[in-house]
Amino acid sequence: MDDVSVVENPNSASAVELIQNGDFQNDALKNTPVAWRMPGNHGLHGRSVVVEDPHDATNRSLHVVASGPTKDLSNHLETTFVDNRELDQLKEYEVSFRVR
């Protein structure tokens with residue numbers, strides 16, 4: 001997984017990126033990424049870690065290993081928005097990410 005992004009008010013002068021560390025570039029290889037939590041079977045086993053992209057050695061991404069199904073309170077990936085921002089139902093958001 002790479003380039004995780006949630007942009008508030010996309011395509012406007014007031015666009016704001018809400019995801020912190022969505023590109024994993026500054027994380028240490030073979031470690032859990034900074035600002036991300038991986039409870040349950042998606043991370044407690046220690047196999048979901050930042051890796052070097054096999055097609056681009058200059059890029060890092062998050063290798064996710066799930067050893068069971070996802071659930072709403074565990075077994076998923078999560079992070080907190082920048083400055084603990086909350087979503088506003090009156091604003092538009094653009095969500096994007098890359099997975100392989």
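Does Asn-75 count as buried or exposed, and at what relative accessibility? In this predicted model, Asn-75 counts as buried because its relative accessibility is 7%, and buried means under 20%. The residue is found in the loop between strand 5 and strand 6. Its phi is near 60°. That is a positive value in a residue other than glycine.

The overall architecture comes next. The protein chain has 7 strands and 0 helices. Read from the N terminus, its elements run β-β-β-β-β-β-β. The C-alpha trace spans about 40 × 35 × 25 Å along its principal axes. The chain has 100 residues, and buried residues make up 30% of them. About 6600 Å² of the chain is exposed. Carbon and sulfur atoms supply 51% of that area. Contacts were also sorted by distance along the sequence. Among contacts between residues at least 6 apart, 55% join residues at least 24 apart.

The loop between strand 2 and strand 3 holds several residues described here, among them Lys-30, Leu-18 and Phe-24. Lys-30 counts as exposed because its relative accessibility is 70%, and exposed means over 50%. Phi of Lys-30 is near 65°. This value is positive, and the residue is not glycine. Leaving aside residues up to four places away in sequence, Lys-30 touches Val-49 and Val-50. Lys-30 and Leu-77 are 47 residues apart along the chain. Their C-alpha atoms are separated by 17 Å.

Leu-18 lies in the loop between strand 2 and strand 3 as well. Its relative accessible area is 0%, so Leu-18 is buried. Leu-18 and Val-6 are 12 residues apart in sequence. From C-alpha to C-alpha, the two are 5.5 Å apart in space. Val-6 is also one of the residues that Leu-18 touches. The others are Glu-8, Phe-81, Val-82, Arg-85, Leu-87 and Tyr-93. Residues up to four places away in sequence are not counted in this list.

Aromatic rings were examined next. The structure holds 1 aromatic pair. Phe-24 and Trp-36 form this pair, with 5.7 Å from centre to centre. The planes of the two rings stand at 50°, and the pair is tilted. Phe-24 sits in the loop between strand 2 (16-17) and strand 3 (36-37), while Trp-36 is in strand 3. The two residues are 12 residues apart, and the pair links distant parts of the chain. Both Phe-24 and Trp-36 are buried.

Pockets complete the description. The largest pocket contains about 270 Å³ of space. Its lining has 13 residues. Met-1, Ser-61, Leu-62, Val-99 and Arg-100 lie nearest the centre of this pocket. Strand 4 (49-53) and strand 5 (56-63) are the elements that give two or more residues to the lining. Strand 5 gives the largest share, with 4 residues. By class, the lining of the largest pocket has 6 nonpolar, 3 polar and 4 charged residues.

The second largest pocket contains about 150 Å³ of space. Three elements are named for its lining: strand 1 (2-8), strand 6 (78-79) and strand 7 (93-98) each give two or more residues. The lining includes Met-1, Val-4, Ser-5, Val-6 and Ile-19. Trp-36, Leu-77, Glu-78 and Thr-79 also line the second largest pocket. Val-95, Ser-96 and Phe-97 complete the set. By class, this lining has 8 nonpolar, 3 polar and 1 charged residues.

Some residues appear in more than one of these descriptions. Met-1 lies among the residues nearest the centre of the largest pocket, and Met-1 also lines the second largest pocket. Trp-36 belongs to the aromatic pair and to the lining of the second largest pocket. Val-6 is touched by Leu-18 and lines the second largest pocket.

How values were computed:
Residues numbered from 1 in each chain as written. Predicted model: local features only at pLDDT ≥ 70, side-chain atom pairs only at ≥ 80, totals over all residues. Heavy atoms only, no water. 1 Å grid on protein atoms, 1.4 Å probe; cavity = no way out; pocket = protein on both sides within 12 Å on 5 of 7 lines; lining within 4 Å. Points joined across faces, edges and corners; volume = space filled by probe spheres on them. Nonpolar A, V, L, I, M, F, W, Y, C, P; charged D, E, K, R; others polar. Buried < 20%, exposed > 50% of the residue type's maximum accessible area, 1.4 Å probe, protein only. Contact = heavy atoms within 4.5 Å. Areas by Shrake-Rupley, 256 points an atom, 1.4 Å probe, with all protein chains shown as cover. Phe/Tyr/Trp six-rings, centres within 6.5 Å; stacked < 30°, edge-to-face > 60°.
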